[in-house]
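Me: I would like to learn how to read a structure like this one step by step, beginning with how far it can be trusted. Could you take me through it?

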Amino acid sequence: MNNKIRLQPLFDLNGQDIIGYEALYSRDRETCFPSAVSILKHISFGNDNGEFKYFINMTNEDAIDPSFVSKFIKVLDKTSIDRKRIVLELNENTATNRLSQTKKNLGALCSNGVQVALDDFGTGYSSLNMISKLPIDALKLDMGFVRNAFRPGGDTHIDRKSTRLNSSH
């Protein structure tokens, strides 16, 4: 599995400094995505200098597996990485699958010092109400949404609506 995982650098908004790495898994169409536990086991933290965060995708099965958190924390504690530097990502479709168990798992991860991000927000059924029910630390907006909303002549109605909503309070 090692040769199928690569760490993609994540840059700050200026594109100058690396702020972390996302663990990307290369697969063919027949292969299922592995659990975040499996990915964590195969990340090489050898050159880590203690300042970067590592982003790892959760699967649907991870989100609803009652034993996932204990397995993940057990493997994480065998590494030299501080729990606060790990960010588990789930997409909004995963988040809505069996919401009760997903909330339990995300809450337990947060209680154990692991951060949680909702990835590719804006690609599926985006609900601010659903987000408010989940213990998440960050939203990662879908690049297509961001590109379109903020380019010259792009879809700026979201900006105007947000501004109107903000100024009405």
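Reply: Let us start with confidence: pLDDT is the predictor's confidence in each residue, from 0 to 100. This is a predicted model, and its protein chain averages a pLDDT of 80, with 72% of the residues scoring at least 70.

Me: Where in the protein chain is confidence lowest, and where is it highest?

Reply: The lowest confidence falls in helix H8 (residues 157-167), with a mean of 48, whereas helix H3 (residues 68-77) has the highest, at 96. Over residues 161-169 the pLDDT stays under 50, and for this stretch the model has 0 contacts beyond four places in sequence. Where pLDDT is low, the predicted coordinates should not be read in detail.

Me: How many aromatic pairs does a search of the whole structure find, and why is the pair of Tyr21 and Phe52 given the type it has?

Reply: The search finds 4 aromatic pairs. Planes over 60 degrees apart count as edge-to-face. The rings of Tyr21 and Phe52 have planes at 85° and centres 5.3 Å apart, so this pair is edge-to-face. Tyr21 belongs to strand E2 (residues 18-25), while Phe52 sits in the loop between helix H1 (36-42) and strand E3 (53-57), so the pair ties together parts that are 31 residues apart in sequence. The rings of Phe45 and Tyr54 also form an edge-to-face pair, because their planes stand at 90°, with the centres 4.9 Å apart.

Me: Are these aromatic residues buried or exposed?

Reply: Buried means under 20% relative accessible area. Tyr21 is therefore buried at 18%, as is Phe52 at 13%, and the same label applies to Phe45 at 11% and to Tyr54 at 4%. Tyr21, Phe45, Phe52 and Tyr54 form one aromatic cluster.

Me: How should I read a charged residue such as Asp62, and which side chain of opposite charge is nearest to Asp62?

Reply: For a charged residue, look for a partner: a salt bridge needs a side-chain nitrogen of Lys or Arg within 4 Å of a carboxyl oxygen of Asp or Glu. Asp62, in helix H2 (residues 60-64), is buried yet has no salt bridge, and the nearest side chain of opposite charge is that of Lys71, 7.2 Å away. Beyond its neighbours within four places in sequence, Asp62 is in contact with Ser35, Ala36, Asn57, Phe68 and Asn105.

Me: With which residue does Lys71 form a salt bridge?

Reply: Lys71 forms a salt bridge with Asp65, where the closest N and O atoms are 3.3 Å apart. Lys71 is partly exposed, with a relative accessible area of 40%, and Asp65 is partly exposed at 24%.

Notes. Residues are numbered from 1 along each chain as its sequence is written. Side-chain values use heavy atoms; hydrogens and water are left out. Rings of Phe, Tyr and Trp (its six-membered ring) pair if their centres lie within 6.5 Å; planes under 30 degrees apart count as stacked, over 60 as edge-to-face and the rest as tilted. Helices (H or I, at least four residues) and strands (E, at least two) are DSSP runs, numbered from the N terminus. Buried means under 20% relative accessible area, exposed over 50%, partly exposed in between (1.4 Å probe, protein chains only). Lys and Arg count as positive and Asp and Glu as negative; His and the chain ends are not counted. Contact means heavy atoms within 4.5 Å.
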